[in-house]
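This report describes the secondary structure and packing of one protein chain. Strand pairing is treated before helix packing.

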Amino acid sequence: MNISIQSPLSFSEIGRKDNQEDYLWPDPNMATDRNRVFIMCDGIGGHDFGEVASSTAANALGTYITNNMPEDGVFTKEDFEKALSYTYDEIDKKDTGAENKMGTTMTCIVLHKGGVLVAHIGDSRIYHVRPSLASKGTGIIFQTADHSLVNELLNSGEITEEEAKNFPQKNVITRAIQPHLERRHKADIHNITDIENGDYFFLCSDGVLERVSNDILGSIICNETLSDKGKILKIKEVCAEGTYDNHTCWLIPIKNVVGEATTIVPTEESVIADTIDNEPVATIQPQAITYKEEAKVPKEAKRKTLQQAFFLVVLAIAVGITAFLLFGGKKDVEQAAAPTQTLTPKISEDRKSGGDALKRDGDKQNAKQVAAREQATQRATNPKAGITAPNKGATFQQHGKAGAPQVTPPQNPEENGKENTQPTDPKEKVKKLLKENESPKLSEPNNQQEI
């Protein structure tokens, strides 16, 4: 199959953003009808060096494919995967180490003898339009399925097509070309063999789709009154009405197709021409989520998140209270009771020791009284003791020799002449001596005295 094209057409506008992160390959000013490869990359907005990522990927991929086209002219899926691997290597070299890694989407078509190979990563799209089928619908017979969160939710039935149009996270993509990924994202690859004269291939960034729906795109490309240049200008005019994002595209008109496609082993499902009336959906298994710009979280998602957080807090409190009652509370009660249990014995012991001390003191005093009485009795009953009545000035002097002590009489001469009135009966002496030495009785110690 030999495919010839008309002059490729394009535009690349900045929109209302501060910088242009879309990139076209080859250079639109140098593109001709002899080019076989066309690429459009959209750098991830909000990440560092999005324009570097898009230009690096487009140049690496386009150059590799052009320089490594097989001799038989058939470009296969395996050939494209080698080109994509080389592209990732080149992106790795440009890695700045920034937390928000640079990244880009990718759309690519390769015209070869086996048909037209189409490949994409991200939410940039490729359309195959056949104006001859416009009477049956939009004339769009193929378009790629976005690698995006909104498309995944649409496919799973979480949201409707109407909700998808205004979905707040439309800018979240699930695949992108980025440096130093643990697992590099693969491209969706198809080989289209049903190609006719007058068909168009349209590659565009998601900025174009802000204003251009499938119906509008089909009506413009299938309009026979417009030239190819008039068609690209009309699309640009629609985008200029209020597109915020960068908006960039390629329009590739198929001029002539000669012969049948060279047979190749299918590596993806064969794409057969048919009219697409509605947005296509596809099952997507996201490997990562990349935000092209900061997106708002839907209210429903916020509510679910808050409910989950509230449930976790309540659960944590319940677990804490249960643990306290089972373990902590019991321990605290035991600790609080321990001082009370040890205090009572201590007080009792103190009282007992105090009472014992008082009893011992009383015993000592009683012992002294008894000793004094016994001593007085011995002196009174022993006639050799040399004892004189107390308070009469007599003194007791013991000499060093063993035997009866010697009594020294009073020195007052007047008293010497007085009559001795001391009793001579030993019993009377004892009674008198006891009476003179009598002292107040000590009260018995009160063993119940409190301290």
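Strand β12 (residues 247-258) is largely enclosed by the rest of the structure, because nine of its twelve residues are buried. The model under discussion is predicted. The protein chain has nine helices and 15 strands, and buried residues make up 37% of its 451 residues. Among the contacts between residues at least 6 apart in sequence, 77% join residues at least 24 apart.

**Strand β12 and its partners**

Which strand is joined to β12 by four bridges? That strand is β1 (residues 2-5), and the two run antiparallel. Within this pairing, S4 has N256 of β12 as its bridge partner. Strand β2 (residues 9-13) is also antiparallel to β12, with five bridges between them; here L9 is matched with L251. Strand β11 (residues 200-204) pairs with β12 in the antiparallel sense over five bridges, and C204 stands opposite C249.

**Helix α6**

Helix α6 (residues 228-239) has twelve residues, which at 1.5 Å a residue should span 16 Å; the end C-alpha atoms lie 17 Å apart, in agreement with that expectation. The buried residues of α6 are G230, K231, I232, I235, V238 and C239. These buried residues pack against β2, β11, α5 (214-221) and β12. An α-helix has 3.6 residues a turn, so residues three or four places apart point the same way.

**The five-strand sheet**

An open sheet of five strands follows the order β3-β4-β5-β6-β10, with antiparallel pairing. Its edge strands are β3 (22-25) and β10, each of which pairs on one side only. From one strand to the next, the twist averages 10 degrees. Pairings in this sheet are set out below.

| Strand pair | Bridges | Residues paired |
|---|---|---|
| β3 and β4 (residues 37-42) | four | W25 and I39 |
| β5 (residues 106-112) and β6 | seven | L111 and V116 |
| β6 and β10 (residues 188-192) | five | L117 and N191 |

Is strand β6 (residues 115-121) mostly covered or mostly exposed? Strand β6 is mostly covered, with seven of its seven residues buried. A hairpin is formed by β5 and β6, with two residues between them. In the sheet order, β6 stands between β5 and β10.

**Helices α1 and α2**

Helix α1 (residues 50-67) and helix α2 (residues 77-93) pack at an angle of about 140 degrees, and their axes are 9 Å apart. The crossing of α1 and α2 is right-handed. On the α1 side, the contact is made by A53, T56, A57, A60, L61, Y64 and I65. On the α2 side, the contributing residues are F80, K82, A83, L84, Y86, T87, E90 and I91. By class, the residues of this contact comprise eleven nonpolar, two polar and two charged.

Helix α2 connects this helix pair with the sheet. What does α2 touch when it packs on the sheet? The strands contacted by α2 are β5, β6 and β10, and the direction of α2 makes about 35 degrees with that of β6. Thus α2 packs with α1 and also on the sheet.

Definitions and conventions:
Residues numbered from 1 in each chain as written. Predicted model: local features only at pLDDT ≥ 70, side-chain atom pairs only at ≥ 80, totals over all residues. Heavy atoms only, no water. Axes fitted to C-alpha atoms, helices over the stretch in contact; angles between N-to-C directions. Left-handed = near helix turned anticlockwise from the far one by under 90°. Contact = heavy atoms within 4.5 Å. Nonpolar A, V, L, I, M, F, W, Y, C, P; charged D, E, K, R; others polar. Buried < 20%, exposed > 50% of the residue type's maximum accessible area, 1.4 Å probe, protein only. Pairing = 2+ DSSP bridges. Expected span 1.5 Å × (residues − 1).
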